[in-house]
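Please look through the following structure from its overall layout down to single residues. The paragraphs below take one part at a time.

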Amino acid sequence: IGSALRAAVAPGTATVSGGATGWRAVIPWYRAPGLPAELAAPVVAQQGGHRFRTAPLGERSGTGTSGRGGIYWSATVPGAPRPEPPGTQLELLRRWFAGWRPPVGELLSATEPGDVVQRELCELRPLPRHLAVPVGAGALVLLGDAGHGFADHLGTGAGLALEDAAT
């Protein structure tokens, strides 16, 4: 969404706040809580504008100490990015998502401040009318979020980038 090339194709398009902030983290397997199989599958939960998603990253090793993979989670909350340090942000997330269905609380409890990445969710306004310049010398095409940035919680950026490239 921060494409420098977009200015050449769509000079009137600007990146603006999407009105929400997202946090992401990966809990490595050696710190991940042992979850029953039905909770280890991907989860999407939303309530009152808040969203929480999870996805396992590979298989837990037999010893549970594999350095690869883990559990990815992302949370979306309405409002501007938080200025507090990651530890305080994590405490806020734990408070905002307290009482949500498992495994939300378990994953936030297993998360350490250094795992957390915050990002303001942005959109393009207005959407570019053209996503490409004619073929030939200097031709280019905007793919994915560079051409039509969607809100992070839709989870479509990478898929649309592949679809754009195929088209």
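Of the contacts in the protein chain with a separation of 6 or more, what percentage comes from residues 24 or more positions apart? The figure is 70%. The model is a predicted one, and this value, like those that follow, is computed from it.

Start with the whole chain. The protein chain contains six helices and five strands. Read from the N terminus, its elements come in the order α-β-α-β-β-β-α-α-β-α-α. Of its 167 residues, 36% count as buried. The surface that the protein chain exposes amounts to about 9,200 Å², and 59% of that is supplied by carbon and sulfur atoms.

Now turn to the strands. In general, the strands of a sheet pair through backbone hydrogen bonds, and the pairing can be parallel or antiparallel. Here, five strands make an open sheet in the order 2-3-4-1-5, and the pairing is antiparallel. Strand 2 and strand 5 are the edge strands, as each of them pairs on one side only. On average, neighbouring strands of this sheet are turned by 20° against each other, with direction ignored.

The sheet can be followed from one edge to the other. Strand 2 covers residues 43-47 and strand 3 covers residues 50-57; the two run antiparallel and are joined by five bridges. One residue to find here is valine 43, whose bridge partner in strand 3 is threonine 54. Strand 2 and strand 3 form a hairpin with two residues between the strands, and in this hairpin glycine 48 has a positive phi near 55°.

The next neighbour of strand 3 in the sheet order is strand 4. Strand 4 spans residues 70-78 and runs antiparallel to strand 3, with seven bridges between them. Threonine 54 appears again at this point: its bridge partner in strand 4 is tryptophan 73. Strand 4 also pairs with strand 1, in the antiparallel sense and over nine bridges. Two of the partners can be named. Alanine 25 has tryptophan 73 as its bridge partner in strand 4, and proline 28 has glycine 70.

At the far end of the order, strand 1 and strand 5 pair in the antiparallel sense over nine bridges. Serine 17, for example, has cysteine 122 as its bridge partner in strand 5.

Two residues show how positions far apart in sequence can be placed in space. Arginine 24 lies in strand 1. Its C-alpha atom is separated by 5.7 Å from that of valine 116, although the two residues are 92 residues apart along the chain. Arginine 24 counts as partly exposed because its relative accessibility is 25%. The second residue is tyrosine 30, found in the loop between strand 1 (14-28) and helix 2 (37-40). Tyrosine 30 and glycine 69 are 39 residues apart in sequence, and their C-alpha atoms are 9.4 Å apart in space. Is tyrosine 30 buried or exposed? Its relative accessibility is 54%, so tyrosine 30 counts as exposed.

Next comes helix 3. Helix 3 consists of residues 86-96, and its buried residues are Gln89, Leu90, Leu92 and Leu93. Why do these buried residues line one face of the helix? Viewed down the axis of helix 3, they fall within an arc of 160°, so they line one face. The general background is that an α-helix has 3.6 residues a turn, so residues three or four places apart point the same way. The cover over the buried residues of helix 3 includes strand 1, strand 4, helix 4 (104-110) and strand 5 (117-125).

The loop between helix 3 and helix 4 contains proline 103. The peptide bond leading from proline 102 to proline 103 is cis, with omega near 10°.

Last are the aromatic rings. The structure holds four aromatic pairs. In one of them, the rings of phenylalanine 97 and tryptophan 100 have centres 4.7 Å apart and planes at 70°, so the pair is edge-to-face. Both phenylalanine 97 and tryptophan 100 are buried. Together with Phe52 and Trp73, Phe97 and Trp100 form one aromatic cluster. Tryptophan 73 thus links back to the sheet, as the bridge partner of threonine 54 and of alanine 25.

How values were computed: Residues are numbered from 1 along each chain as its sequence is written. This is a predicted model: local features need pLDDT of at least 70, side-chain atom pairs count only at pLDDT 80 or more; totals for chains, interfaces and linings use all residues. Side-chain values use heavy atoms; hydrogens and water are left out. Helices (H or I, at least four residues) and strands (E, at least two) are DSSP runs, numbered from the N terminus. Buried means under 20% relative accessible area, exposed over 50%, partly exposed in between (1.4 Å probe, protein chains only). Two strands pair if DSSP finds at least two bridges between them. Rings of Phe, Tyr and Trp (its six-membered ring) pair if their centres lie within 6.5 Å; planes under 30 degrees apart count as stacked, over 60 as edge-to-face and the rest as tilted. The arc is that of the directions from the helix axis to the C-beta atoms. Contact means heavy atoms within 4.5 Å. Axes are lines fitted to C-alpha atoms, for helices over the stretch in contact, and angles run from 0 to 180 degrees between N-to-C directions. Accessible areas come from the Shrake-Rupley method with a 1.4 Å probe; for residues, only the protein chains shown count as cover.
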